[in-house]
Amino acid sequence: MAAIRRLVLDILKPSEVPTIAFARGVSDLTGVDATTARLVETDREVQNIVLVVEGADVDDDAVVDCLEDLGGTLHSVDEVVCGEHTPVSHEASADATWLR
């Protein structure tokens, strides 16, 4: 089975738990080389963050367990990269010239 190299996750978390705790907690997992956490939306009690997890062999189950241990809920898996290398992400653009 091909190794997971990148996960982009939409997470709902309690406002009182720092975003830094999610990034650090997941980055400490075996197979994870780096994490990026970006705040998307804030409410009184919850926040939505996008968490990007990269590594040589990311264990998706361990990542979800870690998020849940911190009080978070996985909303969606927005991107998965598997295989021998990590390709460059192609963000949708207005002109979408890379599609032609």
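This is a short walk through the fold, the core, one helix and one surface patch of the protein shown above.

Okay, before anything else: what we have here is a predicted model. So please keep that at the back of your mind while I talk.

Let's start with the overall layout. The protein has two helices and four strands, and if you read from the N terminus, the order is β-α-β-β-α-β. Out of 100 residues, 32% are buried. On the outside, about 6500 Å² is exposed, with carbon and sulfur atoms supplying 50% of that area. And here's a number on how the chain comes together: take the contacts with a separation of 6 or more, and 73% of them are between residues 24 or more positions apart.

Now, the inside. Which residues have the most contacts within the largest nonpolar core? They are Ile-11, Val-26, Val-53, Val-58, Val-63 and Leu-67, in a core of 15 residues. Two or more core residues come from each of these elements: strand E1, residues 4–14; helix H1, 19–27; strand E3, 46–54; and helix H2, 60–69. E1 is the top contributor, giving four residues.

Let me pick out Val-53 for a second. If you skip its neighbours within four places in sequence, Val-53 touches Arg-5, Arg-6, Leu-7, Val-26, Val-32, Ala-34, Thr-35, Val-58 and Val-63. Val-26, Val-58 and Val-63 in that list are names you just heard from the core.

Val-26 takes us nicely to helix H1. Its buried residues are Phe-22, Ala-23 and Val-26. Look down the helix axis and the buried residues of H1 sit within an arc of 95°, so they line one face of the helix. Flip to the other side of H1 and you find Ile-20 and Arg-24, which are exposed. And what sits over those buried residues? The cover includes E1, E3 and H2, along with strand E2, residues 34–42.

Last stop, the surface. Leu-74, Val-77 and Val-80 together make a nonpolar patch of about 220 Å². Leu-74 belongs to strand E4, which covers residues 73–82. Is Leu-74 buried, partly exposed or exposed? Its relative accessibility is 31%, so Leu-74 counts as partly exposed.

So, to recap: a β-α-β-β-α-β order, a largest nonpolar core of 15 residues, a helix H1 with its buried residues along one face, and a nonpolar patch at Leu-74, Val-77 and Val-80. That's it from me, over to you.

Conventions. Residues numbered from 1 in each chain as written. Predicted model: local features only at pLDDT ≥ 70, side-chain atom pairs only at ≥ 80, totals over all residues. Heavy atoms only, no water. Patch = residues over 30% accessible without salt bridge, like charges linked within 9 Å, V, L, I, M, F, W, Y side chains within 5 Å. Areas by Shrake-Rupley, 256 points an atom, 1.4 Å probe, with all protein chains shown as cover. Salt bridge = Lys/Arg side-chain N within 4 Å of Asp/Glu carboxyl O. Buried < 20%, exposed > 50% of the residue type's maximum accessible area, 1.4 Å probe, protein only. Core = buried A, V, L, I, M, F, W, Y, C linked by side-chain atoms within 4.5 Å. Contact = heavy atoms within 4.5 Å. Arc of directions from axis to C-beta.
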